[in-house]
Amino acid sequence: MWIDTHCHLDAAEFAVDRDAVAAAARAAGVDTIVVPAVEVANFQAVQDCCQRYAGCVAAYGIHPMYTPQADAGDLEVLRNWLARERPVAVGEIGLDHFVPGLDRERQRDFFVAQLKLAREFDLPVLLHVRRAVDEILRELRRCKVRGGIAHAFNGSRQQAEQFIDLGFALGFG
């Protein structure tokens with residue numbers, strides 16, 4: 001049994017061959033595909049994708065690269081989706097200190113708010129972590145959640161051990 005813990009199957013890039021991609025994954029033995037949202041505007045597309053393809057399950061969250069256009073109302077929308085849909089995780093959330101021009105404080109505020117929602121709904125989180133491993137770990141120690149996955153992990157062995165100690169699995173691209 002294989003689980004793809006992070007596939008944006010709903011994304012426009014898959015529009016021309018989404019059916020073939022889903023079928024190829026099944027044929028390769030992938031039983032479950034977690035489809036994480038990146039912003040409130042794509043929550044419905046994620047849900048539709050998960051309803052269309054067997055084995056697809058949803059995660060809802062606001063990606064750090066989408067925080068510039070997000071507002072506090074989006075967190076309430078997220079709370080409502082989490083309560084109504086009961087996804088497998090909150091995600092994709094995190095911090096991105098690689099992309100220039102992203103407001104780090106704004107990212108952190110959205111990240112912390114979403115960690116609190118994950119704790120409230122007892123859901124794991126799918127983490128986006130780019131050049132922000134120590135900051136992510138600090139916030140995870142402050143706001144304990146049910147674990148999750150640090151996707152595309154590229155930190156040190158010591159950082160990996162800290163994630164594991166906090167109940168996280170590591171994804172490698």
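Contact here means heavy atoms within 4.5 Å. The model shown in these views is predicted.

**View 1. Helices H3 and H4 pack side by side, with their axes coming within 11 Å.** The two axes cross at roughly 20 degrees, which makes H3 roughly parallel to H4. The crossing is right-handed. From H3, the residues that meet H4 are Leu75, Leu78, Arg79 and Leu82. Their counterparts in H4 are Phe110, Ala113, Gln114, Leu117 and Glu120.

**View 2. Arg79 and Glu120 form a salt bridge.** The closest N and O atoms of Arg79 and Glu120 are 2.7 Å apart. Arg79 belongs to helix H3 (residues 72-85) and Glu120 to helix H4 (residues 104-120), so the pair ties together parts that are 41 residues apart in sequence. Both residues are also listed in the H3 and H4 contact set, Arg79 on the H3 side and Glu120 on the H4 side. Arg79 is partly exposed, with a relative accessible area of 29%. Glu120 is also partly exposed, at 46% relative accessibility.

**View 3. Glu139 and Arg142 form a salt bridge in helix H5.** The closest N and O atoms of this pair are 3.2 Å apart. Glu139 and Arg142 are 3 residues apart in helix H5 (residues 133-142), so about one helical turn separates them. Glu139 is buried, with a relative accessible area of 4%, whereas Arg142 is exposed, with a relative accessible area of 57%. Glu139 and Arg142 are also part of a network of salt bridges that includes Glu105, Arg108 and Asp109. The structure as a whole holds 10 salt bridges.

**View 4. Arg157 and Glu161 form a salt bridge in helix H6.** The closest N and O atoms of Arg157 and Glu161 are 3.2 Å apart. The two residues are 4 residues apart in helix H6 (residues 157-165), so they are separated by about one helical turn. Arg157 is exposed, with a relative accessible area of 63%, and Glu161 is partly exposed, with a relative accessible area of 38%.

**View 5. Gln159 is a buried residue of helix H6.** The relative accessible area of Gln159 is 14%. Leaving aside neighbours within four places in sequence, Gln159 is in contact with Val133, Asp134, Leu137 and Phe153.

**View 6. Asp10 is buried yet has no salt bridge.** Asp10 is found in the loop between strand E1 (2-4) and helix H1 (18-27). Side chains of opposite charge can pair when their charged atoms come close. For Asp10, the nearest side chain of opposite charge is Arg18, and the distance is 6.7 Å. A salt bridge needs a side-chain nitrogen of Lys or Arg within 4 Å of a carboxyl oxygen of Asp or Glu. Arg18 is nevertheless among the residues in contact with Asp10 once neighbours within four places in sequence are left aside. The other residues in that contact list are Val35, Pro36, Asn42, Ala45, Val46 and Cys49.

Definitions and conventions:
Residues are numbered from 1 along each chain as its sequence is written. This is a predicted model: local features need pLDDT of at least 70, side-chain atom pairs count only at pLDDT 80 or more; totals for chains, interfaces and linings use all residues. Side-chain values use heavy atoms; hydrogens and water are left out. Buried means under 20% relative accessible area, exposed over 50%, partly exposed in between (1.4 Å probe, protein chains only). Lys and Arg count as positive and Asp and Glu as negative; His and the chain ends are not counted. Axes are lines fitted to C-alpha atoms, for helices over the stretch in contact, and angles run from 0 to 180 degrees between N-to-C directions. Angles under 35 degrees count as roughly parallel, over 145 as roughly antiparallel, 65 to 115 as roughly perpendicular and the rest as oblique. A crossing is left-handed if the near helix is turned anticlockwise from the far one by less than a right angle, and right-handed if clockwise.
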